[in-house]
Amino acid sequence: MSKPTDELFKNVISHAKEYGFVFPSSEIYDGLSAVYDYGQNGTELKNNIKTYWWKAMVQLNENIVGIDSAIFMHPKIWKASGHVDGFSDPMIDNKDSKKRYRADQLLEDKIDRYDKDGQTDKAEQLQIEMDKALKNDDLLRLKELIIAHEIADPISGTRNWTDVRQFNLMFSTQMGAVADDADLVYLRPETAQGIFVNYLNVQKSGRMKIPFGIAQIGKAFRNEVIARQFIIRMREFEQMEMQFFVRPGTQKEWFEHWKTERLKWHLALGTGPEKYRYHEHTKLAHYAESAFDIEYEFPFGFKEVEGIHSRTDFDLSQHQKFSGKKLQYFDPEINQNYVPYVIETSIGLDRMFLLTLINAYQEEDLSTDEKQDSRVLLRLHPCLAPVKAAIFPLTKKDGLPEKARQIMDKLKIDFNLQYEEKDAIGKRYRRQDAIGTPFCITVDHQTLEDNTVTIRYRDTMQQERVPADQLEKIIGDLVSWKNVLSI
RNA sequence: GCGGAAAUAGCUCAGCUGGUAGAGCAUCAGUUUCCCAAACUGAAGGCCGCGGGUUCGAAUCCCGUUUUCCGCUCCA
């Protein structure tokens, strides 16, 4: 625990790779920037986190249902949502000050200055030229204009500019055989819009009454300018989102409701509350009325894990406008039609995964006076552990493996288990510690006599002898979702 | 995208001023012990990130490139 934090983070990344949690994508081809793959244990852990969220949101709330919308969506959706216009700015960097500017804003500033200096001709002409270049997406021309009009960086005062580049956060591709502008589709940069455009479908087919929510887990894609810090910011990532539709005027109380509910969900896993905090946005996004982040203290500082946003009726209204379809709700209680307001909870699955891994990772010193000893373990909540239990025959002979297999075969229908007979028993325990297996079951000679086994607990390293018949119940209780969902 | 650093076995790293790759742990096969790792025997594993250059000869020097990390920047 006293280790320097960046060393801890490094160790977690190494551990994640060594034990099959996370691999760099396309590694044998040198990797692909900011893209990662989940390995055999990582996938199990990630699936368990998804299950925990899905149960907490969809299964336990009668007024929340889940959907799975397509990654490809009608291009107009991103116009309506504001993603297309908000993210196609021509940017230029000054090489000396290392500052980045919007090329069109630099030119606008220059036009203003021309105007002030009474050079209205020049101002007008530049305005026309700029508009033309912007309209044609002529980035080269924009740079020419900046050079020709001798625009200098206000900070460094130099005119040492890079080329003008278009920064569009959305990945695009062509749909259909003909590469035509009309066939341009985007990979969704957020899953939320898939919920908004299905709002009416779900409301009608599910006979949902406001307030109600729609949940979704799915991939989203953002062409980040720079993506770093392992899986904190990836170009392809997974979100777990819920949009909660409420009557206008009640959004404040629902916002508070979900703010507390969501933090409870995090804390139920046993993470220390001091590791979490709320962070209020002061600079709000175009759609938001108010926004809070739930932040977790990573080794490199507090980072957003989940956002709770009050999105007003912005999205539904926009889609109503762009699609021409009414997206309203008739509220029989007040006898009124309205576009619902929306409270969004949006959690980054990959960040949640990393949080879980970092929080669980522990290097423990077990040294005694006689012997130096230590172990690395993942103190994962049993509900989330990739492998629920491991089964070991104490030795490879005397029929112990056969007996262990028998027990294993019965249990593996309900639980993800591992069987191991290689190496000394202590070594096998330690191997399971490293992937966070909460329980190890050992079959020994006594098992053959009275059908009891020992169960060894990861966190305490204590053992207990129990009848083999009861294993299903014992493990079942320990890994039950009740342990986190009924808090 | 800019600046800095790095890249050698699955992991952590060594490899001096250029002379055809090494350790510990991990892995695999076997032996021994049997309830908490590092015991014994053996094995496997590396285009020294990739490409080019200098040289009789490059992991080592130079250039480019990719990836990662740290700052700045970006994150609707």
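**Exercise 1. A salt-bridge network**

Task: In this predicted model, find which residues are linked in a network of salt bridges, and examine the pair formed by arginine 379 and glutamate 364.

Solution:
- Start with the members: Glu364, Arg375, Arg379, Asp433, Arg456, Arg458 and Asp459 make up the network.
- Next, take the pair itself. Arginine 379 and glutamate 364 form a salt bridge whose closest N and O atoms are 2.6 Å apart.
- Now place both partners. Because arginine 379 sits in the loop between strands E18 and E19 while glutamate 364 belongs to strand E17, their bridge ties together parts that are 15 residues apart in sequence.
- Finally, look at accessibility. Arginine 379 is partly exposed at 30%, whereas glutamate 364, at 16%, counts as buried.

**Exercise 2. Two further salt bridges**

Task: State how many salt bridges the model has in total, then work out which parts are tied together by the pair of lysine 17 and glutamate 27 and by the pair of glutamate 238 and lysine 50.

Solution:
- The count comes to 26 salt bridges.
- Lysine 17 meets glutamate 27 with their closest N and O atoms 2.9 Å apart. Lysine 17 is in helix H1 and glutamate 27 in the loop between strands E1 and E2, so this pair ties together parts that are ten residues apart in sequence.
- Lysine 17 is partly exposed, at 37%, and glutamate 27 is partly exposed, at 39%.
- Glutamate 238 and lysine 50 pair at 3.1 Å, N to O. The first lies in strand E10 and the second in helix H2, so here the tied parts are 188 residues apart in sequence.
- Glutamate 238 is buried, with a relative accessible area of 6%.

**Exercise 3. Helix H2 against helix H10**

Task: Describe how H2 and H10 pack, and which residues make the contact.

Solution:
- The angle is about 145°, and the axes are 11 Å apart.
- H2 passes H10 in a right-handed crossing.
- From H2, the contact uses Ile49, Tyr52, Trp53, Ala56 and Met57; from H10, Trp258, Arg262 and Trp265.
- Sorted by type, these residues are seven nonpolar, no polar and one charged.

**Exercise 4. Two cysteines**

Task: Explain why cysteine 383 and cysteine 440 are not bonded to each other.

Solution:
- A disulfide needs sulfur atoms within 2.5 Å.
- The sulfur of cysteine 383 has its closest cysteine sulfur in cysteine 440, 17 Å away, and is therefore too far for a bond.
- The model's disulfide count is zero.
- Cysteine 383 is buried at 1%, and cysteine 440 is buried at 0%.

Methods
Residues numbered from 1 in each chain as written. Chains lettered and ligands numbered in written order. Predicted model: local features only at pLDDT ≥ 70, side-chain atom pairs only at ≥ 80, totals over all residues. Heavy atoms only, no water. Axes fitted to C-alpha atoms, helices over the stretch in contact; angles between N-to-C directions. Helix = DSSP H or I, 4+ residues; strand = E, 2+ residues; numbered from the N terminus. Left-handed = near helix turned anticlockwise from the far one by under 90°. Contact = heavy atoms within 4.5 Å. Nonpolar A, V, L, I, M, F, W, Y, C, P; charged D, E, K, R; others polar. Buried < 20%, exposed > 50% of the residue type's maximum accessible area, 1.4 Å probe, protein only. Salt bridge = Lys/Arg side-chain N within 4 Å of Asp/Glu carboxyl O.
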